[in-house]
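Reader: I should like to examine this structure step by step. May we begin with the terms and then proceed to the details?

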Amino acid sequence: MCNPPDFRAGIRARSGLPSDGLTILLRQSDELPVTGLSVSQAHELSAKGKTVDESVQQLQHLSFSECLQREGACLRRDAIHTVQINLGRLCNQSCHHCHIDAGPQRTEIMSRETMMLAVEFVRCTGAGTVDVTGGAPEMNPNFRWLVQRMTSDQRHVIVRSNLTVLLEAGNEDLPEFLAKQQVEIIASLPCYTEENVDKQRGASTFMRSLEALRNLNALGYGQDDSALTLTLVYNPNGPALPPAQERLEIDYKRILGEQYGIAFNRLLTITNSPIGRFASGLRKQNEYNSYCLLLEKAFNPATLRHVMCKEQISISWDGFLYDCDFNQALGYALGNERPLRLGELSAREIVLQLIGHEITIGPHCFACTAGAGSSCQGTLQR
Ligand code: SF4
Ligand code: SF4
């Protein structure tokens with residue numbers, strides 16, 4: 001189902017144990033992390049016969065940095081396999097959960113000059129994947145130019161599409177262009193019900209998204225016998241963790257297939273980061289603190305090895321470099337003495353500074369490490 005249970009209910013459901021006597025299961029290592037306990041702490045508490053609820057109550061409020069210290073971990077960039085390029089904040093939608101406050105009134109978009117620097121930078125990193133995002137990246141007048149450059153360099157290109165933009169005037173031939181370029185489309189569809197999607201993303205978004213999906217299906221996207229990959233993205237409608245990705249994918253495939261004739265390849269679940277417009281909405285509802293606490297309590301040390309910032313870099317519309325899209329939204333630019341910006345140093349000098357660089361962390365990082373973990377490629381623990 002689209003509305004997920006809370007994390008303790010999730011543990012109970014998976015363990016099959018009653019809520020009043022749920023003992024931490026040490027043999028099932030994937031059950032442990034959602035408690036936020038280190039493995040040694042969990043062993044200790046289990047030996048004392050503590051239940052999960054009692055253990056969670058014993059958790060001290062720790063910062064993300066203290067959680068890392070407790071685990072003896074340090075987040076550093078190991079490599080750059082993916083470069084995420086944010087083409088700007090212009091978007092045809094204004095979704096409630098948007099962490100970059102994108103919308104139709106935003107004017108920040110990447111120029112062709114910055115794109116040329118980004119192309120050079122990608123070449124220098126040797127990254128195999130270029131992840132093009134926004135806003136609605138398709139609204140940038142140089143979007144097609146960038147995609148063509150990247151695919152002709154034999155990179156795997158991902159375009160993060162909100163789907164409805166594909167129906168906008170002037171974009172009639174855009175799906176064919178994406179198919180010709182063999183671009184992977186990762187598209188937001190935060191539920192398989194009209195009510196939930198429209199609530200989060202605006203009136204008539206669901207039906208328009210289905211229309212765009214049907215057009216993509218007709219071109220071969222999401223079909224078993226095609227190389228054109230269509231990935232859908234789920235994110236919770238409110239202050240909750242996403243449900244298990246694999247289970248939700250089964251529901252999505254069944255319902256979208258049976259009720260609407262839509263096919264797609266895979267579903268990614270993403271945890272909402274408590275920043276931007278989503279954070280403002282939580283504050284208005286007095287839910288910000290409880291959501292942050294939920295993320296903290298669900299801290300899962302096993303996700304630390306896989307957080308996306310370890311192998312990814314993010315470029316903003318104006319050419320600054322960030323550990324990830326969330327750090328970009330928060331303005332945590334990379335650089336020791338001054339923010340690193342394309343064009344101010346050579347691409348090679350920038351790459352040398354980035355490998356092995358310590359990641360800039362903050363409370364929002366708990367959204368990446370809660371439960372099964374979260375990234376632009378879905379959960380971190382499968
Ligand atoms: S969440 Fe995506 S589609 Fe919605 S406003 Fe933000 S960038 Fe646009
Ligand atoms: S928010 Fe960014 S920096 Fe923090 S863990 Fe997630 S990907 Fe890494």
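Author: Ala, Val, Leu, Ile, Met, Phe, Trp, Tyr, Cys and Pro count as nonpolar, Asp, Glu, Lys and Arg as charged, and the others, Gly among them, as polar. Please note that this is a predicted model.

Reader: How many nonpolar, polar and charged residues does the shell around ligand 2 have?

Author: The residues around ligand 2 include C309, C324, C365 and C368, and Cys counts as nonpolar. Also among them are D323, N327 and H364; Asp is a charged class member, whereas residues outside the nonpolar and charged lists are polar. The shell around ligand 2 therefore has nine nonpolar, two polar and one charged residues.

Reader: How many charged residues does the shell around ligand 1 have?

Author: Around ligand 1 are C91, Q93, S94, C95, C98, A102, G103, G134, G135, A136 and N162. By class, five of these are nonpolar and six are polar. The number of charged residues in this shell is none: there are no charged residues.

Reader: Which peptide bond is cis, and what is its omega?

Author: Most peptide bonds are trans. Here, a cis peptide bond joins G134 and G135, and G135 is found in the loop between strand 2 (129–133) and helix 6 (143–152). The omega of this bond is about 20 degrees.

Reader: Are helix 5 and helix 14 parallel, perpendicular or oblique to each other?

Author: Two packed helices are described by the angle between their axes and the distance between the axes. The axes of helix 5 (residues 112–125) and helix 14 (residues 347–354) come within 9 Å and cross at roughly 55 degrees. An angle from 35 up to 65 degrees is neither roughly parallel nor roughly perpendicular, and the two helices are therefore oblique.

Reader: Which residues of helix 14 meet helix 5?

Author: Helix 5 passes helix 14 in a right-handed crossing. By class, their contact has five nonpolar, one polar and two charged residues. Helix 5 contributes E120, F121, C124 and T125, and the residues they meet in helix 14 are A347, R348, I350 and V351.

Reader: Is Q182 buried or exposed?

Author: Q182 lies in the loop between helix 7 (174–180) and strand 4 (184–188), and has a positive phi of about 60 degrees although it is not a glycine. Within 10 Å there are 12 other C-beta atoms. A residue with 12 or fewer counts as exposed, so Q182 is exposed.

Reader: How many other C-beta atoms lie within 10 Å of N286?

Author: N286 is found in the loop between helix 11 (276–284) and helix 12 (288–297). N286 has a positive phi of about 60 degrees. N286 is exposed, and the number of other C-beta atoms within 10 Å is 8.

Methods. Residues are numbered from 1 along each chain as its sequence is written. Chains are lettered from A and ligands numbered from 1 in the order in which they are written. This is a predicted model: local features need pLDDT of at least 70, side-chain atom pairs count only at pLDDT 80 or more; totals for chains, interfaces and linings use all residues. A residue is near a molecule or strand if its C-beta atom, placed from the backbone, lies within 6 Å of it. Axes are lines fitted to C-alpha atoms, for helices over the stretch in contact, and angles run from 0 to 180 degrees between N-to-C directions. Helices (H or I, at least four residues) and strands (E, at least two) are DSSP runs, numbered from the N terminus. Angles under 35 degrees count as roughly parallel, over 145 as roughly antiparallel, 65 to 115 as roughly perpendicular and the rest as oblique. A crossing is left-handed if the near helix is turned anticlockwise from the far one by less than a right angle, and right-handed if clockwise. Two residues are in contact if their C-beta atoms, placed from the backbone, lie within 7 Å. A residue is buried if 20 or more other C-beta atoms lie within 10 Å of its own, exposed if 12 or fewer, and partly exposed in between; C-beta atoms are placed from the backbone.
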